[in-house]
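Trainee: I am new to this structure and would love a close look at one part of it. Could you pick a spot and walk me through what surrounds it?

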Amino acid sequence: MVRVRTHRSTLWISLASWPLVGSILLVGCTASPIGPGRVNPPATTPVVPAPNTSPVGIHKIRHVIVIVQENRSFDSYFGTFPGADGIPMRNGVPKVCVPYPYEHRCVRPYHDTRDVTDLGNNVHNGAKAAIRDIDGGRMDGFLRGVLQPGHPQIMGYHDAGEIPNYWTYARDFVLQDHMFEPNYGWSLPAHLFLVSAWSATCSRPADPFTCHNDLTISAERALLDRDRVGSPPVYGWTDLTYLLDHYHVSWGYYVEPGVAPDCPQGEQCPRIAQSSRIPSIWNPLPEFTTVWQDHQLSKVAPTSRFFTAARRGTLPAVSWVIPSGRDSEHPQNRVSDGQAWVPRLVTAVMQGPDWSSCAIFITWDDWGGFYDHLAPPSVDRNGYGIRVPGLLISPYARRGFIDHQTLTFDTYLKFIEDVFLGGQRLDPRTDGRPDPRPDVREDIPILGDPRAEFDFSQPPQPQLILPPRPSWR
């Protein structure tokens, strides 16, 4: 049993039926590598509601939408949210104080009312930086990379005065206060995990067994993405779209055109163009072998198509939505712009015909260097990484619920697989396209189940239309 607490109630959930973690599949597996054009069907058949019957329980969800913003830790946005596992306080003052070697003192978290955070080149968020910040669970390494004097902005946090829309969503729907980045590191591996539960490098992308674990895909490699339009793919392992296509489950990956949230060299650099046609750190699916083989590149589209589909009631079963730099909340971009962008997406869904069957998940791709006090669990060589904010918005979401289960982006994959694929996982033993991933991330026992965040017996919640530009305190 696990206990899921809110500031209003306690819920117990049985784990007896949860699958155990899958066995590691070694490169020496007897299964043949999948070459171009070759498809082996998954070994299981998805369980779907019978036709002409009203869906029940989890199958009332017909549309899953994952909105991914940029570079914020949980404590930096919800560290003072009532009932959440936030910044430890005593008499309203943070108890924690992080060593600042540069000035030979420690720094406490502080309330930051600025709309723009300028971290300069002092903060890094690669795999080594995450491990440094975590510091064996002490969570005290955040200021070791800061090289300039002054009050470190990475210790700042916002509250309802600056981000009222996000706090309203948390109060009226579900706040996930144990949502961890699935991996140590920065945006590229995080977005790879988001669609495939793995980050790797492949010497021959047509052969999944030439892929090996890699959280440190180089900035130079990522820079080449913008020049690779029409070039062969580079990510050879199996991603979720392979299973979705096999089971005829519709999907879309929507990219807001404009300027990319960041560039591989860091914040002090020329920004690069972003569009659905340009593979990038935030748009990796065009470089997956499976997407090429299945002729699905057209499903990577501009966000204008998402708004059109929401208005017409033609949303695909699974959607990912990626912002441009302006709307991403990445440091040096305004938080207020991101807080306006996300409600635009949510409102479009709420006002459309598909709202009654939607689950909208909102998260931030990595912690961006910002302080968080909660040590992440260690599950394998890849993570978990540092905690990030997480929200669920749905007509069936438990109102005002705070989910304390351990969650990661793997949770989204698991939920999608449970809703649409009858529980089929990205599992080399059963998915029909084996690769040498170190484990089956969706089946790690510690991973929570977001079904606890829903009440499918309640009357569906109505629309909640928020002003995109609320007052900034």
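Mentor: Let's begin at aspartate 245, which has its place in helix 6, residues 240–246. Keep in mind that this is a predicted model. Aspartate 245 has a relative accessible area of 15%, and because buried means under 20%, aspartate 245 counts as buried. Setting aside neighbours within four places in sequence, aspartate 245 is in contact with Trp251, Asp294, Gln296 and Lys299.

Let's follow two of those partners, starting with the glutamine. Glutamine 296 sits in the loop between helix 7 (289–293) and strand 17 (300–302). Glutamine 296 is buried too, with a relative accessible area of 14%. A polar atom of its side chain lies 2.7 Å from the backbone oxygen of aspartate 294. Not counting residues up to four places away in sequence, glutamine 296 touches Asp245, Trp251 and Val291.

Tryptophan 251 appears in the contacts of aspartate 245 and in those of glutamine 296, and it leads us to the strands. Strand 14 (residues 251–255) pairs with strand 18 in the parallel sense, over 5 bridges. Within that pairing, tryptophan 251 stands opposite valine 318 of strand 18. On another strand, strand 3 (residues 63–69), 4 bridges make the join to strand 18, and these two strands also run parallel. There, isoleucine 67 stands opposite valine 321 in strand 18.

Now look at strand 18 itself, residues 318–322. Of its 5 residues, 5 are buried, so strand 18 is largely enclosed by the rest of the structure. Both of its faces are covered: Val318, Trp320 and Ile322 are buried on one side, and Ser319 and Val321 on the other.

The aromatic rings add another layer to the picture. The count of aromatic pairs comes to 23. One of them joins tryptophan 237 and phenylalanine 288 edge-to-face, at 5.2 Å centre to centre and with 75° between the planes. Tryptophan 237 lies in the loop between helix 5 (219–223) and helix 6, and phenylalanine 288 in the loop between strand 16 (273–274) and helix 7, so this pair ties together parts that are 51 residues apart in sequence. Tryptophan 237 is buried, at a relative accessible area of 0%, and phenylalanine 288 is buried with a value of 0%.

A further pair brings us back to our strands: the rings of tryptophan 251 and tryptophan 320 have centres 6.3 Å apart and planes at 70°, so they meet edge-to-face. With tryptophan 251 in strand 14 and tryptophan 320 in strand 18, the pair links distant parts of the chain, 69 residues apart. Tryptophan 251 counts as buried at 3% relative accessibility, and tryptophan 320 does at 1%.

Technical notes:
Residues numbered from 1 in each chain as written. Predicted model: local features only at pLDDT ≥ 70, side-chain atom pairs only at ≥ 80, totals over all residues. Heavy atoms only, no water. Buried < 20%, exposed > 50% of the residue type's maximum accessible area, 1.4 Å probe, protein only. Contact = heavy atoms within 4.5 Å. Pairing = 2+ DSSP bridges. Polar contact = N/O pair within 3.5 Å; in protein donor to acceptor, adjacent residues only side chain to side chain. Phe/Tyr/Trp six-rings, centres within 6.5 Å; stacked < 30°, edge-to-face > 60°.
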